[in-house]
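I opened this notebook to keep track of what I looked up, one topic at a time. Each entry starts from something I wanted to find in the structure.

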Amino acid sequence: MKLAVEAPPLFTLAVAGREERFPVNRVFCVGRNYAAHAREMGKDPDREPPFFFMKPAAAVVDAADPVRVPYPPQTKNYHHEIELVVAIGKGGRDIAVDKALEHVYGYAVGLDMTRRDLQLEARDKGRPWEFGKSFAQSAPIGALHRVQEVGHPAAAAITLTVNGQPRQSSDIAKLIWSVAESIAVLSQFDALAPGDLVMTGTPEGVNAVVAGDVMRGAIAGLGEIEVRVG
Ligand code: MN
């Protein structure tokens with residue numbers, strides 16, 4: 001096949017203890033999935049159906065080793081959101097909740113980096129969130145841990161420090177919509193495919209970082225990531 005222009009790059013993530021890498025297709029993100037974070041964003045944490053937004057594959061940065069991400073343009077309020085990341089290994093549509101975890105390849109620690117000023121301006125004007133959320137290198141993600149190795153973590157401490165100071169601290173047991181429920185709902189809107197990622201939402205404590213800051217995010221059992229800004 002002859003291509004008219006250069007093919008776009010493939011974005012991949014490391015798999016802990018393995019040589020093969022995980023090719024990234026789409027990145028789905030769950031909004032407001034911890035009650036305390038919904039409240040800090042000025043929203044009611046009632047258990048409404050989950051909602052989703054997306055990031056492009058180009059958002060993904062392999063953070064299996066310490067990495068640096070650039071401070072993005074057009075923002076003065078660049079926020080960290082530490083999240084449990086789910087990697088889809090088997091596609092499907094209209095997946096039942098009790099079968100949903102069979103579609104998971106593995107889990108990782110990730111950051112949903114956000115241009116909060118752009119996101120909130122868009123939200124308040126009823127516009128799309130894209131420019132607040134979907135931009136290059138806005139999703140540093142650690143090595144994937146396969147289900148065969150770590151099972152399906154349902155409770156684990158999730159934490160983020162900036163320059164050694166605690167910023168976010170919660171437990172993935174506090175997810176409003178579980179991993180299985182999020183997969184089931186997503187698959188009603190579009191068929192999921194191998195390579196898709198689901199970022200499951202962030203707990204409370206989101207805040208700004210500036211150039212030179214070092215973020216360390218961790219989920220017990222899934223290792224940690226170190227991401228320097230700028
Ligand atoms: Mn998020």
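**Entry 1: the metal site**

I began with the manganese ion, whose protein donors are Glu81 (OE), Glu83 (OE) and Asp112 (OD), lying 2.0 to 2.1 Å from it. I should keep in mind that this is a predicted model. When I followed the donors along the chain, I found that they keep the spacing E-x1-E-x28-D. I then looked up how far two of these donors are covered. Glu81 has a relative accessible area of 4%, which is under the 20% limit, so I count Glu81 as buried. Glu83 has a relative accessible area of 1% and is buried by that limit too.

**Entry 2: the whole protein**

Next I stepped back and asked how many helices and strands the protein has. I noted five helices and 18 strands. For the overall dimensions, I wrote down that the C-alpha trace spans about 45 × 40 × 35 Å along its principal axes. I also checked the radius of gyration, which is 17 Å, and this agrees with the value near 17 Å that a compact globule of 230 residues would have.

Buried residues make up 50% of the 230 residues. The accessible surface comes to about 10900 Å², and 53% of that surface belongs to carbon and sulfur atoms. Turning to contacts between residues at least 6 apart in sequence, I found that 76% of them join residues at least 24 apart. For the charges, I noted 25 positive and 28 negative ones, whose mean positions are 4 Å apart.

**Entry 3: helix α5 and what covers it**

Is helix α5 largely enclosed or largely open? I looked at residues 179-189 and found that eight of the 11 residues are buried, so the helix is largely enclosed by the rest of the structure. The buried ones are Val179, Ala180, Ser182, Ile183, Ala184, Val185, Leu186 and Ser187. When I searched for what lies over these residues, I found that their cover includes the strands β3 (27-30), β4 (52-55), β8 (82-88), β9 (104-111) and β15 (197-199).

I picked Ser187 from this helix for a separate look. Ser187 has a relative accessible area of 2% and is therefore buried. Leaving out residues up to four places away in sequence, Ser187 touches Gly92, Arg93, Asp94, Ile95 and Leu192.

**Entry 4: two residues with positive phi**

One of those contacts, Asp94, led me to the loop between β8 and β9. Although Asp94 touches the buried Ser187, Asp94 itself counts as exposed, at 56% relative accessibility. Its phi is near 50°, which I noted as a positive value in a residue other than glycine.

I found a positive phi at Gln137 as well, where the angle is near 65° and the residue is again not glycine. Gln137 is in the loop between α3 (130-133) and β11 (139-141). At 32% relative accessibility, Gln137 counts as partly exposed.

**Entry 5: Val24 and Leu10**

Which residues does Val24 contact, once its neighbours within four places in sequence are left aside? I listed Phe11, Thr12, Leu13, Ala57, Val60, Gly195 and Leu197. Val24 lies in the loop between β2 (22-23) and β3, and with a relative accessible area of 7% Val24 is buried. Of the residues in that list, I looked further at Leu197, which is 173 residues from Val24 along the chain, while their C-alpha atoms are separated by 7.1 Å.

I also compared positions for Leu10, which is found in the segment before β1 (12-13). Leu10 and Val24 are 14 residues apart in sequence, and their C-alpha atoms are 7.4 Å apart in space. Whereas Val24 is buried, Leu10 is exposed, with a relative accessible area of 62%.

**Entry 6: Asp171**

My last lookup was Asp171, which has its place in strand β14 (residues 165-171). At 23% relative accessibility, Asp171 counts as partly exposed. Setting aside neighbours within four places in sequence, I found Asp171 in contact with Tyr34, Ala155, Ala156, Ala157 and Ile158. I also noted Pro203, 32 residues from Asp171 along the chain, with 8.2 Å between the two C-alpha atoms.

Terms used. Residues are numbered from 1 along each chain as its sequence is written. This is a predicted model: local features need pLDDT of at least 70, side-chain atom pairs count only at pLDDT 80 or more; totals for chains, interfaces and linings use all residues. Side-chain values use heavy atoms; hydrogens and water are left out. Helices (H or I, at least four residues) and strands (E, at least two) are DSSP runs, numbered from the N terminus. The radius of gyration is taken over C-alpha atoms; the globule rule is 2.2 Å times the number of residues to the power 0.38. Buried means under 20% relative accessible area, exposed over 50%, partly exposed in between (1.4 Å probe, protein chains only). Contact means heavy atoms within 4.5 Å. Accessible areas come from the Shrake-Rupley method with a 1.4 Å probe; for residues, only the protein chains shown count as cover. Lys and Arg count as positive and Asp and Glu as negative; His and the chain ends are not counted. The place of a charge is taken as NZ of Lys, CZ of Arg, CG of Asp or CD of Glu. Donors are N, O and S atoms within 2.8 Å of the metal (3.2 Å for Na, K and Ca); water is not among the atoms, so sites may look incomplete.
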